[in-house]
Amino acid sequence: MANSRLRNIIIKVFSTKYSLTLPTQTLLYIENVMQEHDIGEEEWQAGLELLAKEYLRGEDPSPLVSLEALKRAYESLQLKTDFDEEPSRDYASQSHSHGLARGMGHDPLDTHVDSHFHVINSFDIPGLRFDAVRGTFVSPHHKPAIAGPPSARAAFLRERWSIIRQLVVRNENFTPPVIGGHDRGEYLKLTSTRNLLGRQGQLFLLFGMLSRNPEGKLCLEDGEGLVTLDMEDAVPGEGLFTEGCMVLIEGEYTVDETIRVLAMGHPPSEKREVARGIYGHIDFLGIGATSIKEEAKFQSIVEANEDISFVILSDLWLDHPKTLPNLRKVFAGYSQAEFRPYAFIFCGDFSTKGWTGADDIETYSAGFKALGAAILEYPLLAAHCQFIFIPGPNDPWSSTNLPRPPLPDTFTQYIRDKLPKATFTSNPARIQYFNQEIVIFREDLMGRMLRNLVSVKDEAGDMRRFLVQTILDQTHLSPLSLNVRPTLWEWDHTLRLYPMPTTLILADKHERYDLTYEGCHVFNPGSFVGNHFEWSVYHPSTGRSESSALPESY
């Protein structure tokens, strides 16, 4: 009888008062929500009106209420209430909303952070392909495979070139003015290598990938051909230039059918909000697309959670005698702090010598078991914190190709059994936290880039800034040739940095740093090894990181 009365009031509010049509599954969802949180009958009307109004505030509400849109409205309503926003001045409405938020007997803050905190394994990211003709990303015809067909080797490079090229031509400096404008000759115009023949002595602006021809000479490939480069007079722009980088080159086409390079630079970057404005409807991470309007709502919530922080440690050598004693000091400090970290992110390598073969199975297993036991010594951390593990370049298993799969269960079963919030994920990995996308990449990238330089503006310059600029301008974590840094051809999209992430963690053996480029905060947490036990703490509320270290006496 109660269910019948409740259903009548739901229909009265949604259909009669607000002219909304409820499919059966949506009607059942509303009934379940009301019953699940034990909402009193006297609050039904006010609570349902609050939910209906929240649905109508959403993005393009349809008269036919979909289950997905209603769930978003319900979730948004809970978030507003949790952070003392008043969705209605009606006391009963507020009481109903608080009942929904707290009816399950959990701390609403913890519940909602958990539901908006996603650790994303690279091998779970959808293999979206860029369609250069349509200018958008589309689903592939088949699932990505580790052993892709030979055609995949050329396809992923062509796709990377196409994505960056559309950023270039969309840049204001490359956009032609309106017909009849007085400044039609002022914009920059790209030329393809195919259009160079017979035009010796002229200056051109080219865009393509740096590579080597069979004779070992430096070339530029652009999807339509290649041309040899003469770098004797080249003036490079800021950044690091290696084989595999997509670059803009200005130069003269000579009678030797080469380009005498005068200037070379990285393509212009595109800020996250611009890319989201164009492709906001696309689910790049496989956890559901979030509209710009929804992301804007989340921002105030993120800023209000000032006590949420992520602790990042890299090079956690579990077989080193100083590691666990000093890690216990870190745990002890955080367990006694006013606010516990929401997550600990541990990056490899997890051994001093890395994986050398089957003889290391016992070493790795013992190391992770000891780490698990150390965490369990601090029950508050073990029960409430997320623990995320990302393999390093020399950790097991499989090949050295990127992306790398998670650490094998063989070594980590003890932690999986004892810590319910432990996650072993790939390298690289991503975290979606409300409206923030955080990319974590454990790679000795600085050294690898410097060893393979083709050119650099100033060898005495700030290499940290050059590295960050290069990675974000290239929209890729590894802008290197395949013979230098092999990647799985059909999984190259997991290394893509487009749209630009909110935060990029480049865990590297290089010295610790943090800086912000085009709105993306980038930092290296340092290494938790030797006599300098360093780490970093990321605060999502400010989008910034801070450095931490144990005193040297430790």
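Leucine 6 counts as buried, with a relative accessibility of 2%. The model is predicted. Leucine 6 lies in helix H1, which covers residues 2–17. Beyond this residue, the briefing covers a six-stranded open sheet, the helix H15 that packs on it, a helix pair and a hairpin with a parallel partner strand.

**Leucine 6 in H1**

- The burial call rests on a cut-off: buried means under 20% relative accessible area, and leucine 6 is at 2%.
- Not counting residues up to four places away in sequence, leucine 6 touches Glu31, Met34, Gln35 and Trp44.
- Glutamine 35 is 29 residues from leucine 6 along the chain, and their C-alpha atoms are separated by 9.5 Å.

**The open sheet**

- The strand order is S1-S15-S16-S18-S20-S19, and the pairing is mixed.
- S1 (117–121) and S19 are the edge strands, each pairing on one side only.
- From one strand to the next, the twist averages 15 degrees.
- S15 (residues 429–433) and S16 (residues 436–442) run antiparallel, with 5 bridges.
- In that pair, arginine 430 stands opposite valine 439 of S16.

**Edge strand S19 and its partner S20**

- S19 and S20 are joined by 5 bridges in the antiparallel sense.
- Aspartate 514 faces phenylalanine 523 of S20 across the pair.
- The S19–S20 hairpin has 2 residues between the strands, and glutamate 518 takes a positive phi near 50 degrees.
- In a regular strand, side chains alternate between the two faces of the sheet.
- S19 shows such alternation: Tyr513, Leu515 and Tyr517 point to one face and are buried.
- Asp514 and Thr516 of S19 point to the other face and are not buried.

**Helix H15 on the sheet**

- H15 packs on the sheet and touches S18, S19 and S20.
- The direction of H15 makes about 45 degrees with that of S19.
- H15 (residues 463–473) is mostly covered, with 9 of its 11 residues buried.
- Those buried residues are Met463, Phe466, Leu467, Val468, Gln469, Thr470, Ile471, Leu472 and Asp473.
- They pack against strands S18 (503–507), S19 (513–517) and S20 (520–524).
- Their partners also include strand S8 (240–242), helix H14 (445–451) and strand S17 (453–456).

**Helix pair H11 and H13**

- H11 (residues 361–376) packs with H13 (residues 409–418) at an angle of about 15 degrees.
- The axes of H11 and H13 are 7 Å apart.
- Angles under 35 degrees count as roughly parallel, and H11 and H13 are therefore roughly parallel to each other.
- H11 passes H13 in a right-handed crossing.
- H11 contributes Ile361, Tyr364, Ser365, Phe368, Lys369, Leu371, Gly372, Ala373 and Leu376 to the contact.
- H13 contributes Thr410, Phe411, Thr412, Tyr414, Ile415 and Lys418.
- The residues of this H11–H13 contact divide into 9 nonpolar, 4 polar and 2 charged.

**Strands S5, S6 and S10**

- S5 (residues 218–221) and S6 (residues 226–230) run antiparallel, joined by 3 bridges.
- Leucine 220 stands opposite valine 227 in S6.
- The hairpin of S5 and S6 has 4 residues between the strands, and glycine 223 takes a positive phi near 90 degrees.
- S6 also pairs with S10 (residues 258–265), here in the parallel sense, over 3 bridges.
- Threonine 228 stands opposite threonine 258 of S10.

Conventions:
Residues are numbered from 1 along each chain as its sequence is written. This is a predicted model: local features need pLDDT of at least 70, side-chain atom pairs count only at pLDDT 80 or more; totals for chains, interfaces and linings use all residues. Side-chain values use heavy atoms; hydrogens and water are left out. Two strands pair if DSSP finds at least two bridges between them. Axes are lines fitted to C-alpha atoms, for helices over the stretch in contact, and angles run from 0 to 180 degrees between N-to-C directions. Angles under 35 degrees count as roughly parallel, over 145 as roughly antiparallel, 65 to 115 as roughly perpendicular and the rest as oblique. A crossing is left-handed if the near helix is turned anticlockwise from the far one by less than a right angle, and right-handed if clockwise. Contact means heavy atoms within 4.5 Å. Ala, Val, Leu, Ile, Met, Phe, Trp, Tyr, Cys and Pro count as nonpolar, Asp, Glu, Lys and Arg as charged, and the others, Gly among them, as polar. Buried means under 20% relative accessible area, exposed over 50%, partly exposed in between (1.4 Å probe, protein chains only).
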